[in-house]
Each structure stands twice: as structure tokens, then as C-alpha cells.
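Trainee: I should like to learn how to read the strands and the core of a model. Could we go through one together?

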Amino acid sequence: SVTPEPIAKQQAKRVKSAEGGSVFVDSFCGAGGNSIALAKLGGFVLCSDLHRERLKSAQRNCQIYGVQCLDFLQADARQRHRLYRQKVDAVLLSPPWADQGIVEHGFSVRRLGQGLDAA
């Protein structure tokens, strides 16, 4: 699934205004809705996802929306902090809720993985 466009735009505005930066990471980019909204406000967005198919979908959607200031990285969000080599102004965390057993077990940050236990 993808974050509905009006919600993605609102979230992007909040992130951009709160951080005022120009380098962002979308840690669970999925189809790229949040990444596209952030990129349209200016700056560089690193789109990252564990699943190659989702990254391909995000790349296609970026082309459709005419967004050029993005890069793509296949990686696990729980380990990603070790991969950043440049200053990052903000990290957007919008996990794929359907993949986390939310329907069956309810929401738990701990269920997202050991790397996010401090959240």
C-alpha cells in the first residue's frame, strides 16, 4: 500500500518545516508516496526499503511524478543507521503495517525488530 497523497503531502510539509533541512531518508519507502512528497518540497531523499519489488515500484512512481532528486537503497531499516555516510536532516519512519501482523496481533513497536527497541 501507499500513503494517500494528501496525507503524504501533509507529513512532508511537517517534516520539512520542523527540520528545515535538505537531506531526508524514507526508511520504509514502499511505493514512494512519502518520498515523492518530500522530494517535491526540495532537497534530496534517500528511498530505502528491504524489498526490491517495492523499490522498483518507488522508482516507477518517481518517474511518473517527475521527481529526480532521489536515490534508492535496498536495506533493512533496523540496520540502516550504519549505512549513512552523509548528514541526514530527518528520517521518516512509516512502516508497512500489513507486514507487521497488526491485524492479527495489534500494534507493538517491539514487534518491528530489535534495532528499533529504543523507540
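The dialogue below takes up a strand, its neighbours, a polar contact and the core.

Mentor: This is a predicted model, in which local features need pLDDT of at least 70, side-chain atom pairs count only at pLDDT 80 or more, and totals for chains, interfaces and linings use all residues. Residues are numbered from 1 along each chain as its sequence is written, and side-chain values use heavy atoms, with hydrogens and water left out.

Trainee: Are the residues on the two faces of strand β1 buried or exposed?

Mentor: Buried means under 20% relative accessible area (1.4 Å probe, protein chains only); strands are DSSP runs of E, at least two residues, and helices runs of H or I, at least four, numbered from the N terminus. In β1 (residues 23–26), Val 23 and Val 25 on one side and Phe 24 and Asp 26 on the other are all buried.

Trainee: Which strands pair with β1?

Mentor: Pairing requires at least two DSSP bridges. Strand β2 (residues 44–49) runs parallel to β1 through four bridges, and β4 (residues 90–92) is parallel to β1 through three. Val 25 faces Leu 46 in β2 and Val 91 in β4.

Trainee: What does the side chain of Asp 49 contact?

Mentor: A polar atom of that side chain lies 3.1 Å from the backbone nitrogen of His 51. Asp 49 belongs to β2 and counts as buried because its relative accessibility is 4%.

Trainee: Which residues does Leu 38 touch?

Mentor: Contact means heavy atoms within 4.5 Å. Leaving aside residues up to four places away in sequence, Leu 38 touches Ala 12, Val 15, Phe 24, Val 45 and Leu 92.

Methods: Buried < 20%, exposed > 50% of the residue type's maximum accessible area, 1.4 Å probe, protein only. Polar contact = N/O pair within 3.5 Å; in protein donor to acceptor, adjacent residues only side chain to side chain.
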